[in-house]
Amino acid sequence: MFTRVSTWTENLSEQAYAYLLLAPGFLILVLFAFWPLLSAVRMSFFEDVIAGSGRLGDFAGLTNYIQLLTNSNALAPAAFLDPSFQVPVLQQALFMTVLFAVLSVAGETILGFLYAMLMQGDYQGRKLVRLLIIIPWAIPIVIQGMIFFLMFRPGYGLLTEPLQNLGIFSSLPLNTTFDGFVIVTVADIWKTSAFMALLILAGLESINQDLYDVADVMGASRWQRFRYITFPLVFPALMVAILFRTLGALRVYGIIEATSVGCSTVPSMSCLVVQLMFGSASLYGSAAATSVLIAIVVGIFISIYLLFIRRSNQSLGFA
């Protein structure tokens, strides 16, 4: 039997053999990614059912999308930035999500790069430093949320009163949009900077050390070594790390609930989906439409990002 399989694969062309090897992975991708997305797209074109046993009503076309974009769905969650309802809730959630993604990924990239260079150094106690850097990433998100909840809980939180006396936070930081947003962003940076550091460290470890020896002989400064050797050679790994974290940041939900800030205080796009589907009224059609819009936003970010990577690689001589 194995001889027959071997003979059959040998008769395949190189391209056909490559497709054969990719077939199992493609099948898994279809089952766990494309099929749920197509199901959400189909659900988004049907009316919400307020009462009754069915989850979806009649075919409604683009009605759910129009209601989300114009804030005309009376059962949608209340606005959080604009109490006058002049700005649709969807746009407010999109603004909050994109702002969170930009700030958190920027902070994680800078801190992760510093961590990676610290983890790469050759000094006594390096293993302990690596352990301390990785520990936050290993902590479950529920425990992480409890840590930040206890630090900022009104009344006896460790940082609540000092930050309030400095005029930075209010007396109820977990119930204020600005304060809650800062807490969630800092909590995310604290946890996932180690993930960025590990990916960047892999790029740093792949650099040929002989290049630094040549730079020392030629009298290059530390900044010149970083600018002309370290950064260009670690750039591909850095871009991969940023891509992964951007995708995660655009889907932010768990850390918002885990810190007890709550979606009503800092609602993201994912929070809006949960509120629509599991709120006072189960609006499955509107929730599906929101999830489709999230996929579109993520797709746009990925397209722009990949275009940026391609042009950057060309300018650095990688392509």
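**Close-up 1. Valine 273 sits in helix H12, which covers residues 269-278.** This is a predicted model, and that goes for every view below. With a relative accessibility of 17%, valine 273 still counts as buried, because buried means under 20%. Look for its partners further along the chain: valine 273 touches Ala287, Thr290, Ser291 and Ile294, leaving aside residues up to four places away in sequence. Take serine 291 as an example. Valine 273 and serine 291 lie 18 residues apart in sequence, yet their C-alpha atoms are 6.5 Å apart in space.

**Close-up 2. Glycine 299 belongs to helix H13, residues 284-316.** Is this glycine buried, partly exposed or exposed? Glycine 299 has a relative accessible area of 27%, so it is partly exposed. Now find leucine 247 in the same view. Along the chain, glycine 299 and leucine 247 are 52 residues apart, while 9.6 Å separates their C-alpha atoms.

**Close-up 3. Serine 44 lies in the loop that links helix H2 (14-43) to strand S1 (46-48).** How much of serine 44 can be reached from outside? Its relative accessible area is 0%, so serine 44 is buried. Check out who surrounds it: not counting residues up to four places away in sequence, serine 44 touches Gly61, Asn64, Tyr65, Gly285, Ala288, Ala289 and Val292. One of these neighbours, tyrosine 65, deserves a second look. The side chains of serine 44 and tyrosine 65 are joined by a polar contact of 2.7 Å.

**Close-up 4. Helix H4 (residues 89-120) packs against helix H8 at about 40°.** The axes of H4 and H8 are 5 Å apart. Why do we call this pair oblique? An angle of about 40° is neither under 35 degrees, where roughly parallel would apply, nor in the 65 to 115 range for roughly perpendicular, so H4 and H8 are oblique to each other. The crossing of H4 with H8 is right-handed. As for who takes part, the contact has 19 nonpolar residues, nine polar ones and three charged ones.

**Close-up 5. Helix H6 (residues 141-152) meets helix H8 (residues 177-205), with a crossing angle of roughly 135°.** Here the two axes come within 11 Å of each other, and the angle makes H6 oblique to H8. H6 and H8 cross in a right-handed way. On the H6 side, the contact is made by Ile141, Gln144, Ile147, Phe148 and Phe152. On the H8 side, you'll find Ile183, Val186, Ala187, Asp188, Trp190 and Lys191. Sort the residues of this H6 and H8 contact by class and you get eight nonpolar, one polar and two charged.

**Close-up 6. Helix H9 (residues 210-217) and helix H10 (residues 222-250) pack at about 170°.** Their axes are 11 Å apart. How do H9 and H10 run: roughly parallel or roughly antiparallel? The angle is over 145 degrees, so H9 is roughly antiparallel to H10. H9 brings Leu211, Tyr212, Ala215 and Asp216 to the contact, and H10 answers with Arg225, Ile229, Thr230 and Leu233. By class, the contact of H9 with H10 has five nonpolar residues, one polar residue and two charged residues.

Definitions and conventions. Residues are numbered from 1 along each chain as its sequence is written. This is a predicted model: local features need pLDDT of at least 70, side-chain atom pairs count only at pLDDT 80 or more; totals for chains, interfaces and linings use all residues. Side-chain values use heavy atoms; hydrogens and water are left out. Helices (H or I, at least four residues) and strands (E, at least two) are DSSP runs, numbered from the N terminus. Buried means under 20% relative accessible area, exposed over 50%, partly exposed in between (1.4 Å probe, protein chains only). A polar contact is a pair of N or O atoms within 3.5 Å; within protein, one must be able to donate a hydrogen and the other to accept it, and residues adjacent in sequence count only if both atoms are side-chain atoms. Contact means heavy atoms within 4.5 Å. Axes are lines fitted to C-alpha atoms, for helices over the stretch in contact, and angles run from 0 to 180 degrees between N-to-C directions. A crossing is left-handed if the near helix is turned anticlockwise from the far one by less than a right angle, and right-handed if clockwise. Ala, Val, Leu, Ile, Met, Phe, Trp, Tyr, Cys and Pro count as nonpolar, Asp, Glu, Lys and Arg as charged, and the others, Gly among them, as polar.
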